[in-house]
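Got your viewer open? Load the model, keep the selection box handy, and let's take a walk through it one stop at a time.

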Amino acid sequence: MKRVVVGLSGGVDSSVSAYLLQQQGYEVIGLFMKNWHDESVILDAECPWVEDSNDALIVAQTLGIPFQTIDLSAAYKERIVDYMFAEYQAGRTPNPDVLCNREIKFDVFLKTALELGADYVATGHYCQKKEVQKDGSTQYQLIAGADNNKDQSYFLCQLNQAQLAKALFPIGHLQKPEVRKIAAEQGLITAEKKDSQGLCFVGKIKLPDFLQQQLKPKKGDIIEIPKDAPIFQNYQEQVEAIGDNRNAAALKILSKAFVYAPQDGKVVGQHNGAHYFTIGQRKGLQVGGTPEPLFVVATDTRSNLIYTGQGAHPGLFRKGLFIANNEVHWVRPDLKLAVGEQRDFMVRIRYRQPLTPATLYCTAEGIYIIFETQQRGVTPGQFAAWYEHQELIGSGVIG
């Protein structure tokens, strides 16, 4: 009998995953990951870890499977929290959920499961795993979840073949209502429990309070850039001159972020720290009186400045992006592009964003992604993931 360790989070998805594996004849063990100790930055109403752990225990008891809690908080702080602080301080916006899956669930947690004699680890992610035989070897495919509204393949975009080989996703073929129905039929306490939000296995946090543990408040100017600023006119002229050309110079122009100077706009307010803000953000600026809503279009953590624009501001849109070589990851390394190659994929730059057509260009420095249509809110530090049909092929950190 194959042994599977399930990451029981105290939610309905992992609960049903454990039940389905049990029905499939696996020996199932439930493990709850405790990743965080600091209750001061967690919103109490959002089910802190103690309640989740209790729910996970009750589910395990209902199913009659062994259960234990493991403390991974040291690894979580080192690999996820410290990474978050460093990224925000550098003016980038990290995605801790992607890193949590790569570094915690499918690394530290996976190693713990293997030490328990497990053949696989399972999670309640809405995604699917398939296999193809190629050149005499097995290639594991990461496929989008059948429920388009819940597909979580993006969060697993940094997994490798060795991790996928040991992974099971028991609910990936189901719709969310089906999962809740199964939980209710089996009398699982999590059947009607709300989906968790916030940091992976931590809960919903007060981000400013969280960041202020290490990144101290620092007053700075909020500068509004007008829509007709010369920088946008110059860019448009460059794009028109490029046309369909995709040489090295063209790729750099199409993927470059706008860089502003204080003299490009006017001061409209003050903020408490540029590192607390991200591109596309509207809340927290506390600047009123503008005809259209004000959005962050860029941050400068070195000078502690925030640049903003009103409404559908040209500074929010970009035609392309760049991913440096050391940040490029191929879930399917057998499909990796060689330098000089290009290929069309469907791409998303954030969770739940609709997939959009784009072309990947592989150069000696890294990969350029040029979209068919301009994308709103391309954000350094986030992950771009590219798909072929429903399969996630690769990903990388946006530069």
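**Stop one: the end of α4.** Start by selecting Gly117, which sits just after α4 and takes a positive phi of about 85°. Before going any further, keep in mind that what you are looking at is a predicted model.

Now light up the helix itself, α4, which runs over residues 96-115. How many of its residues are buried? The count is 15 out of 20, so α4 is mostly covered. Slide along to Phe109 and look at the helix from the side: a kink of about 30° is centred there. Then go to the start of α4 and show the side chain of Asn95, where an oxygen reaches to within 3.2 Å of the backbone nitrogen of Asp97.

**Stop two: the nonpolar cores.** Keep Phe109 selected and add Ile104, Leu142, Phe169 and Phe383. These five have the most contacts inside the largest nonpolar core, which has 54 residues. Which elements give two or more residues to this core? Colour β2 (27-34), α3 (73-89), α4, β6 (137-144), α7 (207-211), β10 (294-300), β17 (383-388) and β18 (391-397) and you have the set. The biggest giver is the helix you just visited: α4 supplies nine residues.

There is another core to find, lying apart from that one. It has 27 residues, and you can pick out Val4, Val6, Phe32 and Leu188 among them.

**Stop three: α3.** Next, select residues 73-89, the helix α3. Where does α3 bend? Look at Val81, where the bend is about 25°. Val81 is also one of the buried residues of this helix, and so is Ile80. To see the rest of the buried set, add Ser73, Ala75, Tyr76, Tyr83, Met84, Phe85, Glu87 and Tyr88. Just after α3 comes Gly91, with a positive phi of about 85°.

**Stop four: a pocket.** Stay on Gly91 and turn on the surface. Here is the general idea: rolling a probe the size of a water molecule over the atoms shows where empty space is left. The second largest pocket holds about 650 Å³ of space. It is lined by 28 residues, and those closest to its centre are Gly91, Ala257, Phe258, Thr299 and Pro380.

Which elements give two or more residues to this lining? Select β10 and β12 (317-324) to see them. The top contributor is β10, with four residues. Try colouring the lining by type: you should get 14 nonpolar, 10 polar and four charged residues.

**Stop five: a lysine with partners.** Jump to Lys193, in the loop between α6 (176-185) and α7. Is Lys193 buried or exposed? Its relative accessibility is 15%, and buried means under 20%, so Lys193 counts as buried. Show its side chain and check two partners. The side chain of Lys193 reaches the backbone oxygen of Gly10 at 2.7 Å, and it makes a polar contact with the side chain of Asp52 at 2.8 Å.

**Stop six: two unusual phi angles.** A bit of background first: most residues other than glycine have a negative phi. Now select Gln286, in the loop between β9 (266-271) and β10. Gln286 is not a glycine, yet its phi is positive, about 55°. This residue is exposed, because its relative accessible area is 81% and the cut-off is over 50%.

Arg352 is another one to click on, in the loop between β14 (342-348) and β15. Arg352 has a positive phi of about 70°, although it is not a glycine either. With a relative accessible area of 53%, Arg352 is exposed.

**Last stop: two pairs across the sequence.** Select Thr359 in strand β15 (residues 356-362). Thr359 is buried, with a relative accessible area of 15%. Now add Gly320 and draw a line between the two C-alpha atoms: they are 9.4 Å apart in space and 39 residues apart in sequence.

Finish with Val378, found in the loop between β16 (366-376) and β17. Val378 is buried, at 4% relative accessible area. What separates Val378 from Val297 in sequence and in space? The pair is 81 residues apart in sequence and 9.8 Å apart in space, C-alpha to C-alpha.

Terms used
Residues are numbered from 1 along each chain as its sequence is written. This is a predicted model: local features need pLDDT of at least 70, side-chain atom pairs count only at pLDDT 80 or more; totals for chains, interfaces and linings use all residues. Side-chain values use heavy atoms; hydrogens and water are left out. A nonpolar core is a set of buried Ala, Val, Leu, Ile, Met, Phe, Trp, Tyr and Cys residues joined through side-chain atoms within 4.5 Å. Buried means under 20% relative accessible area, exposed over 50%, partly exposed in between (1.4 Å probe, protein chains only). On a 1 Å grid over the protein atoms alone, a cavity is a set of points where a 1.4 Å probe fits but cannot get out, and a pocket is an open set with protein on both sides within 12 Å along at least five of seven lines; lining residues have an atom within 4 Å of a point. Grid points are joined across faces, edges and corners, and a volume is the space filled by probe spheres set on the points. Ala, Val, Leu, Ile, Met, Phe, Trp, Tyr, Cys and Pro count as nonpolar, Asp, Glu, Lys and Arg as charged, and the others, Gly among them, as polar. A polar contact is a pair of N or O atoms within 3.5 Å; within protein, one must be able to donate a hydrogen and the other to accept it, and residues adjacent in sequence count only if both atoms are side-chain atoms. The bend at a residue is the angle between axes fitted to the seven residues ending there and the seven starting there.
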